[in-house]
Amino acid sequence: MSVKRDALAFKVPGKVLGTRVLGQEVAAQLRKRAGDGQQDLLVDFAGVQVASSPFLDELARTLRAWNVDHPDHFVVLMNLNEDVQDTLELVLERRDMALAEMTKGTLRLIGGKAHLQETLNAAQELKVFTAAELAAQLELKLPNLHQRLVALEAAGALVRVRPAGAPQRPVVFQTPQPVELAACS
Amino acid sequence: MEYLSLSGDLTRANAVEKVLTVSTSGDAASEICLDAGPVERIDAVAAAALRLRMARHHREHLQGTVTLVLPKEAEMAARLSALLDPPPERVTVVGHVNEQPPANYALVPATPVEDSHAAVALGSWTLEACEWAGIARRRTAFVTAATMELADNAVVHAEGPTDAPVVAVTTATRGRVVEIAVVDTGRGIAESSDPREFLRTVPRRALDGEPGFLGNILQRAEKARVQVQVQIFAGTGRLLWTPMRHRTAVGRHLSGTTVVVRIAEEREVVRSSSLGRSG
């Protein structure tokens, strides 16, 4: 099964990004561009050389709020350099958050625990799946998978797809596909 | 005319204490002479404090002028001249600069930072200066972020400042050591009942996981492969803070708050300077 998705690419403006004030301004630009949230959100850091922790903290908080308001859409960061990744990791750890990031065609979590990355990797292989299918893939009991799915949804790395047909059909999940994301960016 | 005689060691707390004395003239056209002729040592704090004193004099004396006499010692004159280049309007620099300062010494000359956007602009300048100086990429990113956020911290958190904070950045030993100094006129810590106790809570809050940029840069240091030391002078309080430990002390009263961040390559040994009575 394949589910076609639309995505909006937001280019983070600038080469050197710092201060909460600028973080709030860029976050406001992002919210304006994202509009009513009918698309997945790709946040592109290409060209950003330095981003400080207060700046990233403001952006991360905005993305978390966006995830909560739009649970049916992915949020994926792209093209972060090593320094920005390290700083963001620190910020997300402090906030007990995770976000999905794609570099060179690979999707990974920043700020998440190792078992969440393992779950995301398995989900990536399945592409579209039910919880039972993912549990089988990971050799986990279904109840043990629940917290992981909730955490990946909060990170914007996993969405529930409304099943076609009868309402009693099991909920289907989907993860972002790097090839499709690259085409949208 | 006011005359301020500066001599000997014009670094760290000495620089703040000697340079940021109370003005004694009320005349709008008053001239002040900052005589640094006998000065034997300077650092980024000295340059930032001098730049702040110039701005303060111009604010207090609308038609006032400033004369800065450079140190007699040739290398000190070259260093101070580079750190105050270009001098602001209505400032005359007297003395000879017969030699060049060490390569890239004045990475960022003393710069007043009016608001958060100016702090970001300072960050862009710092990045270019680090790249020009050939500082390694990871340290460049670290120094840039630290300069920008220290400046913004002073802009945002200084209570009741009279003038914009001033930032200066120097390098030493071929860029292996970078020092960022931020001097502000905020009264929140300096005029509190116990500045030392106030400073003691800064590392404690970071250890408790509260957001704060100073705590963040110490955490980031390991990944950026640098050693970092933070010194704060505010009122009678002194704080020396490294990723491994922190200690506070009491010293002579200084106006405002001065933050110095020393960033060294991992191999460099960061030596703690004397803080007086430790606690």
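Val167(B) touches ten residues beyond its sequence neighbours up to four places away, listed here in full: Ala48(B), Val108(B), Thr111(B), Val113(B), Leu122(B), Thr147(B), Leu150(B), Ala151(B), Ile180(B) and Val182(B). Residues are in contact if their C-beta atoms, placed from the backbone, lie within 7 Å. The model is predicted: local features need pLDDT of at least 70, side-chain atom pairs count only at pLDDT 80 or more, and totals for chains, interfaces and linings use all residues. Residues are numbered from 1 along each chain as its sequence is written, while chains are lettered from A and ligands numbered from 1 in the order in which they are written.

Val167(B) is also among the residues that touch the most other members of the largest nonpolar core, together with Leu99(A), Ala47(B), Ala48(B) and Ala168(B); this core has 140 residues. A nonpolar core is a set of buried Ala, Val, Leu, Ile, Met, Phe, Trp, Tyr and Cys residues joined through C-beta atoms within 7 Å. Buried stands for 20 or more other C-beta atoms within 10 Å of a residue's own, exposed for 12 or fewer, and partly exposed for values in between. The core lies between domain 1 (2-94) and domain 2 (106-278) of chain B, because both give residues to it.

These bounds come from an automatic or database domain assignment. The C-alpha centres of the two domains of chain B, domain 1 and domain 2, lie 22 Å apart. Their contact takes 21 residues from domain 1 of chain B and 25 residues from domain 2 of chain B. On the domain 1 side, helix 1 (12-19), helix 2 (44-60) and helix 3 (74-83) of chain B each supply at least two residues, and helix 2 of chain B gives the largest share, 11 residues. Helices (H or I, at least four residues) and strands (E, at least two) are DSSP runs numbered from the N terminus. By class, this side of domain 1 has 14 nonpolar, no polar and 7 charged residues. Ala, Val, Leu, Ile, Met, Phe, Trp, Tyr, Cys and Pro count as nonpolar, Asp, Glu, Lys and Arg as charged, and the others, Gly among them, as polar.

Gln63(B) is in the loop between helix 2 and strand 5 (65-69) of chain B. With 11 other C-beta atoms within 10 Å, Gln63(B) is exposed. Outside four places in sequence, Gln63(B) is in contact with Ala28(B) and Ala29(B).

The contact between the chains takes 17 residues from chain A and 20 residues from chain B. Helix 3 of chain A gives the largest share of the chain A side, 5 residues. That side divides into 6 nonpolar, 6 polar and 5 charged residues.

Chain A also holds two open sheets, compared below.

| Strand order (chain A) | Strands | Pairing |
|---|---|---|
| 1-3-5-6-7 | 5 strands | mixed |
| 8-10-9 | 3 strands | antiparallel |

Two strands pair if DSSP finds at least two bridges between them. In the mixed sheet, strand 1 (7-11) and strand 7 (106-110) of chain A stand at the edges, each with a single partner strand, so one side of each has no neighbour in the sheet. Strand 1 of chain A runs parallel to strand 3 (residues 40-44) of chain A, joined by 5 bridges; Lys11(A) has Asp44(A) as its bridge partner there. In the antiparallel sheet, 3 bridges join strand 8 of chain A to strand 10 (residues 172-174) of chain A, and Phe129(A) stands opposite Phe173(A).

Methods. Contact = placed C-beta atoms within 7 Å.
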